[in-house]
Amino acid sequence: MKLISIFTLFIASSALLFGCKSPEIYDYSEYLKSNPQTILVVMPSSQSNDTNAGPSVLANSIIPLSEAGYYVIPATVANDTFKFNGVTIADEIHNIPHAKLKEIFGADACLYLNILKYDNEYGVLDSETIVQVQGKLVDLETGKTIWEQNTFATNKDSSSGGLIEKMLSSVIKHIINNITDQGYEVAKKNQIFMLSPNNFSTAPILYGPKSPYYRKDIVLKK
């Protein structure tokens, strides 16, 4: 009896520690009301010193959105339009009024991306390239944020091995990460996770109207 009591107490305390509350369901009401079909993706702002950060994240955001069922304004068309009008800095693009973007591009929503990390970090046992991005989808008619997400990706190695082997591998990997654009591949992983409706996060983007899964999203059935 004493053993059973202790076990019961352990289970109860574990429930309190790890939580019995189910995760909050993301509020998609504004998203559903907006119902975007055409999306403009503008050059990401960046807190990284790597000049490849913005173009890499931008380039890797187009295909996942298209595959999710949206028409995406071609990035080259958007960038050329901004350049023709003398706007080339990401922060300046992000400050353009929503109504003006809608007038020029005819898009329903704009995806704003902010790169928090796009860095190569050296570690004694493993070196890694890290890409962390904040994204928000804004209705260009109302100016309201209808969806947002923060995603993190890395090429960190989880394989096992001896201490000396890991240390040598870390040095070699750090050199490779610096002389090749590993950030591009990690950015691809990041954007696929951020912009794929089936990414199993707590707040995935919804399928667009061109997808056969439109409005059949699992998160809308919860």
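## Overall layout

Strands, in the sense used here, are DSSP runs of E of at least two residues, while helices are runs of H or I of at least four residues, and both are numbered from the N terminus. The model described here is a predicted one, and its chain contains eight helices and six strands. Read from the N terminus on, these elements follow one another in the order α-α-β-β-α-β-α-α-α-β-β-β-α-α.

Of the 222 residues in the chain, 41% are buried. Among the contacts in the chain whose separation is 6 or more, 68% are made by residues that stand 24 or more positions apart.

## T151 in strand β6

Strand β6 spans residues 145-154, and T151 is one of the residues found in this strand. T151 has a relative accessible area of 1%, and it therefore counts as buried, because that class takes in values under 20%.

Leaving aside residues up to four places away in sequence, T151 touches V131, Q132 and V133, and also N190, F193 and M194. With N190, the side chain of T151 also shares a polar contact of 2.8 Å.

## Helices α4 and α6

Two packed helices are described by the angle between their axes and the distance between the axes. In this model, helix α4, which covers residues 75-84, packs with helix α6, residues 98-105, at an angle of about 115°, and the two axes are 12 Å apart. The crossing of α4 and α6 is right-handed.

On the side of α4, the residues that take part are A78, T81 and F82, and in α6 they meet L101, I104 and F105. Sorted by class, the contact of these two helices has five nonpolar residues and one polar residue, with no charged residues.

## N35 and R215

N35 is found in the loop between α2 (29-34) and β1 (38-41), whereas R215 lies in the segment after α8 (182-195). When residues up to four places away in sequence are not counted, N35 touches Y214 and R215. The side chain of N35 is joined to that of Y214 by a polar contact of 2.7 Å, and to the side chain of R215 by a polar contact of 2.9 Å. The C-alpha atom of N35 is separated by 9.2 Å from that of A109, a residue that is 74 residues apart from N35 along the chain.

Most residues other than glycine have a negative phi. N35, although not a glycine, has a positive phi of about 50°, and R215, which is not a glycine either, has a positive phi of about 65°. With a relative accessible area of 25%, N35 is partly exposed, and R215 also counts as partly exposed, at 28% relative accessibility.

## Aromatic pairs

The structure holds four aromatic pairs. One of them is formed by Y207 and Y213, whose rings are 5.3 Å apart from centre to centre, with 40° between the planes, and this pair is classed as tilted. Y207 counts as buried at 16% relative accessibility, because the limit for that class is under 20%, whereas Y213, with a relative accessible area of 49%, is partly exposed. Y213 therefore does not count as exposed, since that class begins over 50%.

Elsewhere in the sequence, Y26, Y28 and Y31 are linked into a cluster by ring pairs.

Note on methods:
Residues are numbered from 1 along each chain as its sequence is written. This is a predicted model: local features need pLDDT of at least 70, side-chain atom pairs count only at pLDDT 80 or more; totals for chains, interfaces and linings use all residues. Side-chain values use heavy atoms; hydrogens and water are left out. Buried means under 20% relative accessible area, exposed over 50%, partly exposed in between (1.4 Å probe, protein chains only). A polar contact is a pair of N or O atoms within 3.5 Å; within protein, one must be able to donate a hydrogen and the other to accept it, and residues adjacent in sequence count only if both atoms are side-chain atoms. Contact means heavy atoms within 4.5 Å. Axes are lines fitted to C-alpha atoms, for helices over the stretch in contact, and angles run from 0 to 180 degrees between N-to-C directions. A crossing is left-handed if the near helix is turned anticlockwise from the far one by less than a right angle, and right-handed if clockwise. Ala, Val, Leu, Ile, Met, Phe, Trp, Tyr, Cys and Pro count as nonpolar, Asp, Glu, Lys and Arg as charged, and the others, Gly among them, as polar. Rings of Phe, Tyr and Trp (its six-membered ring) pair if their centres lie within 6.5 Å; planes under 30 degrees apart count as stacked, over 60 as edge-to-face and the rest as tilted.
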